[in-house]
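Open the model in your viewer and keep the selection panel at hand. The stops below cover aromatic rings, nonpolar cores and charges over rings.

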Amino acid sequence: MAQSTESPEEDLWLFGYGEDHRGTPSSPGRVVTLISHSDFLTLHPTLSPPRPSPVWGAVYHIPPQHVPAVRSYLDIREINGYSIQYTPFQPADSTLPAIERCMVYIGLPENPQFLGVQDPDELARHIWKSKGPSGENKDYLFMLEESLNELGEGAGDEHVEDLARRVKEVGKLAGVVVEGTVHGTQVVEEAITAEVGRMKSGSSSHEQEETEKL
């Protein structure tokens, strides 16, 4: 992946791989990021290198006339923890052409918001209790798990599924049974539509203070 600039006069393709429920400064939530092969080896020096595998997500096409507004909004929302990168995108439908240049926000290890390796049980307990103006951190995780599974065969992520299971176990110990969610990609799309509406009206849920750790 390479850093670059994007001309506002050009179409923008945006790759998304998460949703948006975080935390507060007093209780920062946890969100996902992508890790390069070289960064993985730095973070996990004792583990065998992982096999190359695709990263599943959704790509959004932004027409030229909307690029400046979308870029400005995303820079405010994401720049605290993420850096802009560009990567190719291959649709799951192999009959569709590949997109050579998609913008993606990635949390790099040198970013102060990057936490690195964490104990999974401790992480699950933290996710269970964290919430912010956009919602509860555990819903972010459950929606991510379900949305990945809805993308297609093989799109599920082992780490995400394991963490979701651990968070549900934390809930059971607290006397709350989490059977699953009814969210998924439809609710994610509805959330995006609502946020675009707020952008057009000059307001945004992210004007409220939120914090997340990678």
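Start by selecting Phe15 and Phe89; both residues are buried. Keep in mind that the model is predicted. A search for aromatic pairs across the whole structure returns one. How far apart are the ring centres of Phe15 and Phe89, and at what angle do the planes lie? The centres are 5.8 Å apart and the planes are at 50 degrees, so the pair is tilted; planes would have to be under 30 degrees apart to count as stacked, or over 60 to count as edge-to-face.

Now show the backbone around these two rings. Phe15 belongs to strand 1 (residues 12-16) and Phe89 to strand 4 (residues 83-89), so the pair ties together parts that are 74 residues apart in sequence.

Next, add Tyr17, Leu74, Met103 and Tyr105 to Phe15. These five are the residues that touch the most other members of the largest nonpolar core, which has 23 residues. Colour the elements that supply two or more residues to this core: strand 1, helix 2 (67-78), strand 4 and strand 5 (99-106). Strand 5 contributes the most, with six residues.

Move on to the second core, which is separate and has 14 residues. Among them are Ala124, Phe142, Leu148 and Val167, a convenient selection for finding it.

Keep Phe142 selected and add Lys168. Lys168 lies over the face of Phe142, at 5.3 Å from the ring centre.

For the last stop, select Trp128 and Lys138. Here Lys138 lies over the face of Trp128, and its distance from the ring centre is 4.5 Å.

Methods
Residues numbered from 1 in each chain as written. Predicted model: local features only at pLDDT ≥ 70, side-chain atom pairs only at ≥ 80, totals over all residues. Heavy atoms only, no water. Phe/Tyr/Trp six-rings, centres within 6.5 Å; stacked < 30°, edge-to-face > 60°. Helix = DSSP H or I, 4+ residues; strand = E, 2+ residues; numbered from the N terminus. Buried < 20%, exposed > 50% of the residue type's maximum accessible area, 1.4 Å probe, protein only. Lys NZ or Arg CZ within 6 Å of the ring centre and 35° of its normal. Core = buried A, V, L, I, M, F, W, Y, C linked by side-chain atoms within 4.5 Å.
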